[in-house]
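Please look through the structure shown here, which is to be explained step by step for someone who has not seen it before.

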Amino acid sequence: MLSAQEYLEFESLSRGKSPPYDLLYPSLVWFLHTLGKERLEYLFGTTFYDRINELVKDLKN
């Protein structure tokens with residue numbers, strides 16, 4: 001069993017199994033990014049916030 005927190009973290013960082021290995025749920029990444037730094041760090045920790053920011057930068061390019 002995963003907690004909701006672990007599930008969101010896992011799914012937001014999941015990528016496709018075939019090239020180009022894009023994110024499976026880019027809308028989830030955008031949603032989490034809109035929560036802001038303080039909320040994300042509180043819910044998931046600093047490392048997760050940094051990873052979400054990297055993913056958002058990749059999506060913008």
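A nonpolar patch of about 280 Å² on the surface is formed by Leu2, Tyr7 and Leu8. The model in which this patch appears is a predicted one. Of the patch residues, tyrosine 7 belongs to helix α1, which covers residues 4-12. Tyrosine 7 has a relative accessibility of 45% and so counts as partly exposed, since that class lies between the limits of 20% and 50%.

After the helix, the next topic is the loop. Proline 20 is located in the loop between α1 and α2, the latter being residues 26-34. The peptide bond that leads from proline 19 to proline 20 is cis, and its omega is near 10 degrees. Tyrosine 21 also has its place in the loop between α1 and α2. Although tyrosine 21 is not a glycine, its phi is positive, at about 60 degrees. With a relative accessibility of 42%, tyrosine 21 counts as partly exposed.

The two helices can now be taken together. Two packed helices are described by the distance between their axes and the angle between those axes. For α1 and α2, the axes come within 9 Å and cross at roughly 120 degrees. The helices α1 and α2 are therefore oblique to each other, because an angle of 65 to 115 degrees would count as roughly perpendicular and one over 145 as roughly antiparallel. On the α1 side, Leu8, Glu11 and Ser12 meet Leu28, Val29 and Leu32 of α2. Leu8 thus appears in two places: it helps to make the nonpolar surface patch, and it is among the α1 residues that meet α2.

Technical notes: Residues numbered from 1 in each chain as written. Predicted model: local features only at pLDDT ≥ 70, side-chain atom pairs only at ≥ 80, totals over all residues. Heavy atoms only, no water. Patch = residues over 30% accessible without salt bridge, like charges linked within 9 Å, V, L, I, M, F, W, Y side chains within 5 Å. Areas by Shrake-Rupley, 256 points an atom, 1.4 Å probe, with all protein chains shown as cover. Salt bridge = Lys/Arg side-chain N within 4 Å of Asp/Glu carboxyl O. Helix = DSSP H or I, 4+ residues; strand = E, 2+ residues; numbered from the N terminus. Buried < 20%, exposed > 50% of the residue type's maximum accessible area, 1.4 Å probe, protein only. Axes fitted to C-alpha atoms, helices over the stretch in contact; angles between N-to-C directions. Parallel < 35°, antiparallel > 145°, perpendicular 65-115°, else oblique. Contact = heavy atoms within 4.5 Å.
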